[in-house]
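This report describes a protein chain in plain terms, going from strand pairing to cores and confidence. The sequence and the structure come first.

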Amino acid sequence: MMINHKTNIQNVALLGLAIFFTSCQTDTEAPTVCTGLGAMNSITADEIEGVAGDHVDIEDVFCDNEGLSQVRYDIHSAEGHAHEVSDEDDEHNDGLILHSGTDWSVLRTIELDGTEAEADLHVDVPLTARGVWHVIVDLVDNEGNTATFLSDLHIENSHMPEFSLTSVGGEDPANWHGEPTWSAGTEVVVEGAVTDEDGIASAELELIDEATETVVWSAELTAFEAFSETVTVPAAAGEYHFEMKATDASNAAVSMETGFHVEVE
Ligand SMILES: [Zn+2]
């Protein structure tokens with residue numbers, strides 16, 4: 001009898017505490033994107049299309065049950081990494097993407113007000129960019145609750161020469177799952193093309209030892225439309241970078257470089 005009585009008092013006390021916390025609880029609900037589904041140039045889109053030398057407007061409507069504070073945009077090259085949230089997407093995007101101008105990035109914060117607010121991020125895409133950039137949006141409400149959203153910005157570029165690879169060591173790089181591994185001391189045939197509307201003045205391929213930044217193999221291309229070069233893979237295992245560079249025929253100032261990471265073992 002005594003025990004039950006004591007238990008009841010404890011229960012009543014706990015219930016009271018629970019009511020106290022519930023009534024004093026501040027907003028814990030995370031803000032969200034309430035842009036209509038399927039909207040283009042929205043963070044909810046699978047991919048946002050961009051063109052080098054032009055601009056992109058990333059437009060969204062954000063909502064919060066109590067009050068929005070700000071939205072932070074982080075746009076950076078997708079080269080060489082993935083985000084956990086986007087892992088599922090990346091499985092569908094296997095294959096080599098040749099990125100250029102990867103040092104371009106955008107960090108911007110826009111202040112928001114009210115329970116529903118529209119934000120328009122105007123982004124000028126540089127002439128040097130080509131490939132895929134990650135767009136990460138952190139949305140914050142007045143109580144500090146945050147929500148993160150991801151999309152890809154795919155940038156087309158018709159200003160710079162463009163490399164395409166049809167075969168590397170007998171494999172189509174479009175079917176690669178991650179970066180290639182080459183056997184030390186062997187030979188790897190690289191086949192592809194380098195094109196530009198205005199023609200190509202010069203182009204070269206290089207294999208660079210990342211530890212020492214030394215060029216361990218190089219070839220000046222003589223055929224641009226369809227080249228085939230045999231790379232001598234060094235005997236020393238390690239991290240290497242296969243670099244491809246080209247210069248525009250009509251404007252020597254327009255040069256580009258791209259490539260991929262190679263593991264030699
Ligand atoms: Zn990223």
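Strand S4 (residues 68-77) and strand S5 are joined by six bridges in the antiparallel sense. The model is a predicted one, in which local features need pLDDT of at least 70 and side-chain atom pairs count only at pLDDT 80 or more, while totals for chains, interfaces and linings use all residues. Residue numbers start from 1 along each chain as its sequence is written. Helices (H or I, at least four residues) and strands (E, at least two) are DSSP runs, numbered from the N terminus. Two strands count as paired if DSSP finds at least two bridges between them. By these rules the protein chain has two helices and 16 strands.

**The five-stranded sheet**

S4 and S5 belong to an open sheet of five strands in the order S2-S8-S7-S4-S5, and its pairing is mixed. S2 and strand S5 (106-111) are at the edges with a single partner strand each, so one side of each has no neighbour in the sheet. From one strand to the next, the twist averages 25 degrees. Axes here are lines fitted to C-alpha atoms, and angles run from 0 to 180 degrees between N-to-C directions. The table lists the pairings in this sheet.

| Strands | Sense | Bridges | One bridge pair |
|---|---|---|---|
| S4 and S5 | antiparallel | six | Gln-70 and Glu-111 |
| S4 and S7 | antiparallel | nine | Ser-77 and Trp-133 |
| S7 and S8 | antiparallel | ten | Val-132 and His-154 |
| S2 and S8 | parallel | five | Val-51 and Glu-156 |

Strand S7 covers residues 131-141, strand S2 covers residues 47-51 and strand S8 covers residues 146-156. S7 and S8 form a hairpin with four residues between the strands, where Gly-144 has a positive phi near 90 degrees.

Ala-147 lies in strand S8, and Leu-139 stands opposite this residue. Is Ala-147 buried or exposed? Ala-147 counts as partly exposed because it has 16 C-beta neighbours inside 10 Å. A residue is buried if 20 or more other C-beta atoms lie within 10 Å of its own, exposed if 12 or fewer, and partly exposed in between, with C-beta atoms placed from the backbone. Setting aside neighbours within four places in sequence, the contacts of Ala-147 are Ala-30, Pro-31, Thr-32 and Leu-139. Contact here means that the C-beta atoms of two residues, placed from the backbone, lie within 7 Å. Thr-32 is 115 residues away from Ala-147 along the chain, yet their C-alpha atoms are separated by 6.8 Å.

**The three-stranded sheet**

Another open sheet has three strands in the order S1-S3-S6, with antiparallel pairing. Strand S1 (32-33) and strand S6 (116-124) are at its edges, each with a single partner strand, so one side of each is left without a neighbour in the sheet. Nine bridges join S6 to strand S3 (residues 55-63) in the antiparallel sense, and one of the bridge pairs is Asp-57 with His-122 in S6.

**Nonpolar cores**

A nonpolar core is a set of buried Ala, Val, Leu, Ile, Met, Phe, Trp, Tyr and Cys residues joined through C-beta atoms within 7 Å. The largest has 24 residues, and Val-188, Val-190, Val-194, Leu-221 and Val-262 have the most contacts inside it. Elements that give two or more residues to this core are strand S9 (162-168), strand S11 (187-195), strand S12 (200-209), strand S14 (227-232), strand S15 (238-248) and strand S16 (255-264). Beyond neighbours within four places in sequence, Val-194 is in contact with residues including Pro-161, Phe-163, Ile-200, Leu-221 and Ala-246. Apart from this core lies another of 20 residues, among them Leu-68, Ile-75, Ala-117 and Ala-129.

**The chain as a whole**

Of the 265 residues in the protein chain, 24% count as buried. Of the contacts between residues at least 6 apart in sequence, 75% join residues at least 24 apart.

The predictor's confidence in each residue is the pLDDT, from 0 to 100. Its mean over the protein chain is 89, and 86% of the residues reach 70 or more. Over residues 1-7 the pLDDT is below 50, and this stretch has zero contacts in the model beyond near neighbours in sequence. Residues 14-20 likewise have pLDDT below 50 and zero contacts beyond near neighbours in sequence. Where pLDDT is low, predicted coordinates should not be read in detail.
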